[in-house]
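Here are my comments on the model you sent. Please read them with the coordinates open.

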Amino acid sequence: MKKQSIWLENFKNQTKKLDTNEECDVLIIGGGITGLSTAYHLKGKNLKVILVERNEIGSGITSKTTGKITYLQELIYSKLYKEKGKEVAKLYLNSQLDAIKIVTNIIKKEKIDCDLEQVKSYVIGNNLEKEKDILKEFNIKVFEDKNAIFVDDTYVFHPIKYLVKIKEILENNNIKIYEHTNIIEIKNDIAYTKEYHIKAKNIVLACHYPFFLLPLLMPIKGYLEKSYIASISNIENKKLSAITSNNPTISLRYHLNNLIYLNGSHAISNHQNEQKNFDNLINEIKKYGTFDYIWSNQDIVTNDHLPIIGKINDSLLIATGYNTWGMTNGSLAGKIISDLILQIDNKYTDLFAVKRDKSLYEIKNILNEIVRNGKSFTLSKLINNKKWYSKQVQFKAIKNDKVGIYIDENNQKHIVYNKCPHLKCGLIFNEFEKTWDCPCHGSRFDMDGNLILGPSRYNITYKKQ
Ligand SMILES: Cc1cc2nc3c(=O)[nH]c(=O)nc-3n(C[C@H](O)[C@H](O)[C@H](O)COP(=O)(O)OP(=O)(O)OC[C@H]3O[C@@H](n4cnc5c(N)ncnc54)[C@H](O)[C@@H]3O)c2cc1C
């Protein structure tokens with residue numbers, strides 16, 4: 001059993017680091033589905049485009065997705081209909097249908113071998129009547145089954161095979177890609193790594209969680225939701241994907257003869273005993289067979305259920321907040337962002353704009369978010385709850401520094417500063433994956449304090465004084 005995503009198996013990458021200062025028309029920060037889709041739509045447009053990635057292409061949230069390409073997304077249309085009205089619900093549906101066309105057309109045009117498969121997509125649970133009626137009203141052919149609704153024109157794929165091929169296409173089109181290149185600061189039109197800088201007319205934040213605080217953006221516009229996933233082999237492929245409409249969240253799909261099974265979703269500020277979260281998943285999947293891969297993943301859920309895609313100012317653009325539906329929304333974001341840069345009209349620009357009207361529902365959710373942030377910050381300062389940890393995990397003060405210590409199976413001590421560089425939250429130790437995780441905004445570090453996932457831009461490696 002491997003504690004990694006199934007999509008990263010056999011994934012080998014040729015990487016090149018930024019080793020000089022650069023200047024370009026468009027700098028894209030982030031090499032997930034958003035960044036690569038944006039670069040794809042900018043190729044051949046007579047622009048100098050550079051994409052930088054902190055780790056390796058496809059190593060972020062995209063590498064751990066369940067990889068469904070679907071417009072049937074739990075109860076999204078009933079929520080939007082109720083909170084934002086019919087027009088918004090309809091426009092969002094159209095955006096997802098267009099996104100599916102965008103990604104499947106790219107796969108066909110570029111002949112990308114990424115195990116694309118057309119499957120039925122189910123939502124299972126209670127209170128599906130309204131969702132079904134809305135979809136019918138919008139002329140979607142929706143079917144009913146026992147406690148379920150489904151559509152049959154949706155897909156699943158292998159997200160990393162897709163991204164690897166897109167990377168190759170970009171490089172063949174003179175788009176420069178630098179990996180292991182961490183942007184730590186942006187000032188005006190210049191993005192800085194520790195050693196070099198890149199000056200750009202347009203900078204695109206395709207980095208999932210915005211890695212520096214943007215006024216009135218994260219963390220106020222949403223929160224991070226975390227889930228636990230496993231892949232079980234030797235299973236008959238039933239050519240469908242499914243998700244529950246109410247708690248507990250269970251989501252599944254097949255890939256070849258593997259069942260990809262997700263159990264449990266929660267805001268990262270809740271349920272912080274990670275060993276327990278993984279144990280719940282393991283207990284649940286035992287009945288299906290033995291699992292080969294197990295991992296966790298987290299995505300941004302926005303307060304108004306809509307992604308955030310657009311301009312922050314004339315030269316800074318952002319695409320994030322996909323509410324766990326980033327295969328469609330990340331692909332669509334690539335088109336919207338490139339259209340904004342190329343000054344082409346796009347019918348979805350207003351729907352996803354960074355600054356958009358707030359409904360009463362969103363204001364309520366924002367207030368909840370402020371309370372949640374306050375609570376998780378306070379909680380993060382009281383993290384040394386011994387009940388959550390084995391004796392291998394300790395919390396101490398060394399001189400004036402609060403540190404966390406993990407003692408491995410060889411009795412080797414791994415010491416880190418126990419304060420997230422992002423907004424100073426205390427970190428919890430995830431004993432299952434051996435990572436230090438921020439319960440407020442989702443940054444993750446390995447047992448030695450090396451940054452795995454933002455919004456932090458810095459490591460927490462402990463230096464003896
Ligand atoms: C459990 C789970 C299951 C999901 N399943 C589905 C699904 O079935 N279908 C679906 O449509 N969506 C799904 N999603 C959502 C989807 O996976 C995400 O929305 C999507 O992958 C986000 O893509 P991204 O490109 O925005 O982010 P990422 O893939 O995280 O890419 C951002 C990249 O930016 C890099 N980066 C960050 N900061 C910097 C920096 N300072 N300098 C340089 N690089 C930086 C990161 O290393 C990262 O590689 C799921 C999400 C979760 C949590």
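The points below cover domains, cores, the ligand site, one threonine and the cysteines.

1. Basis. This is a predicted model, in which local features need pLDDT of at least 70 and side-chain atom pairs count only at pLDDT 80 or more, while totals for chains, interfaces and linings use all residues. Residues are numbered from 1 along each chain as its sequence is written, and side-chain values use heavy atoms, with hydrogens and water left out.

2. Domains. The chain is divided into domain 1 (11-63 + 160-218 + 305-359), domain 2 (70-156 + 222-302) and domain 3 (386-453); these bounds come from an automatic or database domain assignment. Between domain 2 and domain 3 the C-alpha centres are 32 Å apart. Their contact (heavy atoms within 4.5 Å) involves 14 residues of domain 2 and 15 residues of domain 3.

3. Main core. A nonpolar core here is a set of buried Ala, Val, Leu, Ile, Met, Phe, Trp, Tyr and Cys residues joined through side-chain atoms within 4.5 Å. Buried means under 20% relative accessible area, exposed over 50%, and partly exposed in between, using a 1.4 Å probe and protein chains only. The largest such core has 66 residues, of which Ile28, Tyr162 and Phe352 touch the most other members. Helix 3 (residues 86-109) gives the most to this core, namely 10 residues. Helices (H or I, at least four residues) and strands (E, at least two) are DSSP runs, numbered from the N terminus. Because domain 1 and domain 2 both give residues to this core, it lies between them.

4. Phe352 and the other core. Leaving out residues up to four places away in sequence, Phe352 touches nine-place and more distant neighbours including Tyr92, Ser95, Leu306 and Ile336. Correction to that wording: "nine-place and more distant" should be struck, as the list leaves out just residues up to four places away in sequence. Apart from the main core lies another, of 20 residues, among them Tyr122, Phe150, Leu240 and Ile294.

5. Ligand site. Which residues come nearest to the ligand? They are Glu53, Thr62, Thr66, Lys68 and Met327, out of 35 residues around it; a residue is near if one of its heavy atoms lies within 4 Å. A polar side-chain atom of Thr34 is 2.9 Å from an oxygen atom of the ligand. A backbone N or O atom of Gly67 is 3.2 Å from a ligand oxygen atom, and a polar backbone atom of Thr324 is 3.0 Å from a ligand nitrogen atom. A polar contact is a pair of N or O atoms within 3.5 Å; within protein, one must be able to donate a hydrogen and the other to accept it, and residues adjacent in sequence count only if both atoms are side-chain atoms.

6. Thr65. This residue lies in the loop between strand 2 (49-52) and strand 3 (68-69). Thr65 is buried, at 13% relative accessible area. Its side chain reaches the backbone nitrogen of Gly67 at 2.9 Å. Beyond residues up to four places away in sequence, Thr65 touches Trp7, Pro159, Trp295, Asn297 and Met327.

7. Disulfide. The structure holds 1 disulfide, defined as a pair of cysteine sulfur atoms within 2.5 Å. Cys425 is joined to Cys440, with 2.3 Å from S to S. The link of Cys425 and Cys440 is left-handed, with -110° about the S-S bond. Cys425 lies in the loop between strand 20 (413-417) and strand 21 (428-430) and Cys440 in the loop between strand 22 (435-437) and strand 23 (444-446), so the pair ties together parts 15 residues apart in sequence. Both Cys425 and Cys440 are buried.

8. Cysteines outside the disulfide. Cys438 is in no disulfide, and the nearest cysteine sulfur, that of Cys425, is 4.3 Å away. Cys438 counts as buried, at 4% relative accessibility. For Cys207, the closest cysteine sulfur is in Cys420, 14 Å away and too far for a bond. Cys207 is partly exposed, with a relative accessible area of 23%.
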